[in-house]
Amino acid sequence: MLQRPPLIVGNWKMHKTISEAKELVQQLTRVLGDDLARIPITVLAPPFTALSAVAQEIKGHPYLLGAQNLYWEDQGAFTGEVSGPMLRDLGCRYVIVGHSERRRYFAETDVMVGKKAAAALRHELRPIVCIGETWDQRLGGQTKHVLSLQLTEALAGIGKDQAQDVVVAYEPVWAIGSGRAATCEQADEVHRHVRTHLLALWGQDAGTLVPILYGGSVMPENIGALLAIPDVDGALVGGACLDPVLFAKILRIGAVP
Ligand code: PGA
């Protein structure tokens with residue numbers, strides 16, 4: 001058994017009504033055909049409104065369910081928010097936290113991301129903690145510094161004993177939805193840096209177990225080379241996961257031989 005089996009997450013963002021969501025899952029399953037039995041660990045993260053329908057649709061199939069966000073309180077007067085227990089109840093196993101779109105459009109800070117990650121773990125949801133630098137930060141030579149700060153805050157409340165349930169996703173902000181993915185050299189350098197941070201934080205055994213995903217313009221054309229990088233343990237896929245043919249190709253390439 002691989003220490004970190006490949007993990008591919010499809011982040012649907014704010015796309016798909018309930019009926020469209022069901023259709024997307026059916027199409028993906030049809031396109032994969034017999035290869036469905038060989039796909040890597042695959043998480044589908046539809047919008048909240050389609051979680052229940054997708055949970056029904058994936059029954060008997062090897063996909064896992066993920067959400068795109070959560071609030072850190074379990075319940076209460078927090079209009080418009082969704083909690084960990086609610087997501088667990090729907091069958092979610094994963095939840096994305098701190099996506100750069102949430103940081104940018106909804107003013108999420110590293111401290112908030114940390115609270116969300118800790119809340120997810122309290123409810124047996126694996127948090128997919130997103131980090132990433134802007135293009136300006138990269139140009140300014142600040143990439144590693146920025147990522148270290150984001151990791152320090154976001155993982156502050158998480159103990160070594162919980163590390164095995166944490167997933168980190170490196171998503172350079174400039175690569176998201178731009179068609180300009182990080183090069184393998186860039187991804188390699190950053191993923192090594194993230195691994196070093198995790199090992200320093202949680203020690204060799206626990207730090208080694210954390211999958212580090214790459215996200216940002218992942219396509220069938222680049223997924224193979226990215227996954228061949230030692231510390232790239234999977235991918236967080238946006239645009240391409242909405243196309244069943246493209247996503248099936250990505251899953252086939254990511255399949256464990
Ligand atoms: P993209 O999005 O694959 O469309 O670049 C990735 C993400 O935002 O998770």
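User: How much space lies in the largest cavity, and which residues line it?

Analyst: A cavity is read as space where a probe fits but cannot get out. In this predicted model, the largest cavity holds about 40 Å³ of space, and its lining is made up of Trp12, Leu24, Val25, Leu28, Leu44, Cys241 and Phe247. A search of the whole structure for cavities of 30 Å³ or more finds 2.

User: Which residues are closest to the ligand, and how does the shell around the ligand divide by class?

Analyst: The shell is read from residues with a heavy atom within 4 Å of the molecule. Here 13 residues surround the ligand, and the closest are Lys13, His99, Glu171, Gly177 and Ser217. By class, this shell has 7 polar, 4 nonpolar and 2 charged residues.

User: Which polar atoms lie at short range from the ligand's oxygen atoms, for instance in histidine 99, glutamate 171 or glycine 238?

Analyst: A polar contact is read as a pair of N or O atoms within 3.5 Å. In the side chain of histidine 99, an N or O atom is 2.7 Å from an oxygen atom of the ligand, and a polar side-chain atom of glutamate 171 likewise lies 2.7 Å from a ligand oxygen. With glycine 238 the polar atom belongs to the backbone, 2.8 Å from an oxygen atom of the ligand. The ligand taken alone exposes 280 Å², of which the protein buries 95%.

User: How many aromatic pairs does the structure hold, and where do charged ends sit over rings?

Analyst: Ring pairs are read from the distance between ring centres. The structure holds 4 aromatic pairs, and Tyr71, Trp72 and Phe78 are linked by ring pairs into a cluster. As for charges, arginine 102 lies over the face of phenylalanine 106 at 4.2 Å from the ring centre, while the charged end of arginine 180 sits over the ring of tryptophan 135, 4.5 Å from its centre.

How values were computed: Residues numbered from 1 in each chain as written. Predicted model: local features only at pLDDT ≥ 70, side-chain atom pairs only at ≥ 80, totals over all residues. Heavy atoms only, no water. Polar contact = N/O pair within 3.5 Å; in protein donor to acceptor, adjacent residues only side chain to side chain. Areas by Shrake-Rupley, 256 points an atom, 1.4 Å probe, with all protein chains shown as cover. Nonpolar A, V, L, I, M, F, W, Y, C, P; charged D, E, K, R; others polar. Phe/Tyr/Trp six-rings, centres within 6.5 Å; stacked < 30°, edge-to-face > 60°. Lys NZ or Arg CZ within 6 Å of the ring centre and 35° of its normal. 1 Å grid on protein atoms, 1.4 Å probe; cavity = no way out; pocket = protein on both sides within 12 Å on 5 of 7 lines; lining within 4 Å. Points joined across faces, edges and corners; volume = space filled by probe spheres on them.
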